[in-house]
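Work through the exercises below with the sequence and the 3D structure in view. Try each task before reading its solution.

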Amino acid sequence: MWFKNLTLYRFNKPFTTDTETLETALADFTFSPCSSQDISKFGFSNALGKKGNALVHSAENRHLICVTKEEKILPGQVIKEALDEKVAEIEEQENRKVTKKEKDTIKDEITTTLLPRAFSRRSQTHALIMPELEMILVDSSSATKAEELLALLRKAVGSLPVIPLSFATPIETTLTQWLQAGEAPAPFEMQDEAELKSDSDEGGIVRFKQQVLQEDEVLAHIATGKQVHKLALHFGQSIAFLMQSDASVKRIKFSEEFRAGNDEVGTEDPIARLDADFALMGSELVAFINALNQAFGPLEQSV
């Protein structure tokens, strides 16, 4: 339930699809496990996992969705060894070289033979549709996974006019200014981790952890032209995170004190607790994103 990363997108047009319509649209693209000959499968699954029974979980006009991906684990080295063995056998028996086209055909045959015996790996990615922010928040540190989810959602609803979040002033410029000033604007607070990078091809990357970032050793790198591309921050007393220059937010951790706000709900009713946690997280993420937009804004105008 608690998001750990944010890859952020904003709508070019307002998102007006209601919960019932969205549920119906996603139902045509639900996840089903791999068959013996499938390499991978990808589709929407219950937003609240095994405890839920809906593809969309909504509260306060915020919509939680989830995609599941199953992939067969078939190491390339295993296929290569089987291919090399088969090619060598043919070349010895027929006293000729096997062509590339033949090798491709043999490789496909080997893959088909091995797939039923391959292990499977499943992963899930959640996303939060936030009409009040005109944004979609994807819980992934991978832009590729986020784009996969958006592509399937676009296919389901027919149109999804979104673009990655970006600001008129580069984020690395703002982060560098904060580090030089020795503090971030409220409600943010700098922590003890940063990554600085030179914009030149010959320049390097330097990383600091558990380091007082206001020391001369750190500031000297800015003096030589490096900029801050990653900076560990706190948002109030609720969220610790790593802000990155591509506008993604990594390693989100909601504080124990904040998460304890729902302790009175208890755990006897798992769905009620999940719903309460979803509402609590959603409200705080609204405040968090609004604070980010204010600190790094204005937004870059879409073309």
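Two exercises follow, each with a worked solution.

This is a predicted model, in which local features need pLDDT of at least 70, side-chain atom pairs count only at pLDDT 80 or more, and totals for chains, interfaces and linings use all residues. Residues are numbered from 1 along each chain as its sequence is written, and side-chain values use heavy atoms, with hydrogens and water left out.

**Exercise 1.** Describe the overall build of the protein.

*Solution.* Start with the secondary structure: the protein has eight helices and twelve strands, counted as DSSP runs (helices H or I, at least four residues; strands E, at least two) and numbered from the N terminus. Next, take the radius of gyration, which is 24 Å, well over the 19 Å that the globule rule gives for 303 residues, so the protein is more spread out than a compact globule. That radius is taken over C-alpha atoms, and the rule is 2.2 Å times the number of residues to the power 0.38. Then add the extent: the C-alpha trace spans about 75 × 55 × 45 Å along its principal axes.

**Exercise 2.** Describe the surroundings of leucine 280.

*Solution.* First locate the residue: leucine 280 belongs to helix α8, residues 270–296. Second, classify its exposure: with a relative accessible area of 22%, leucine 280 is partly exposed (buried is under 20%, exposed over 50%, partly exposed in between; 1.4 Å probe, protein chains only). Third, list its contacts (heavy atoms within 4.5 Å): leaving out residues up to four places away in sequence, leucine 280 touches Trp2, Phe258, Arg259 and Asn262. Last, take one partner: phenylalanine 258 is 22 residues from leucine 280 along the chain, and their C-alpha atoms are separated by 8.9 Å.
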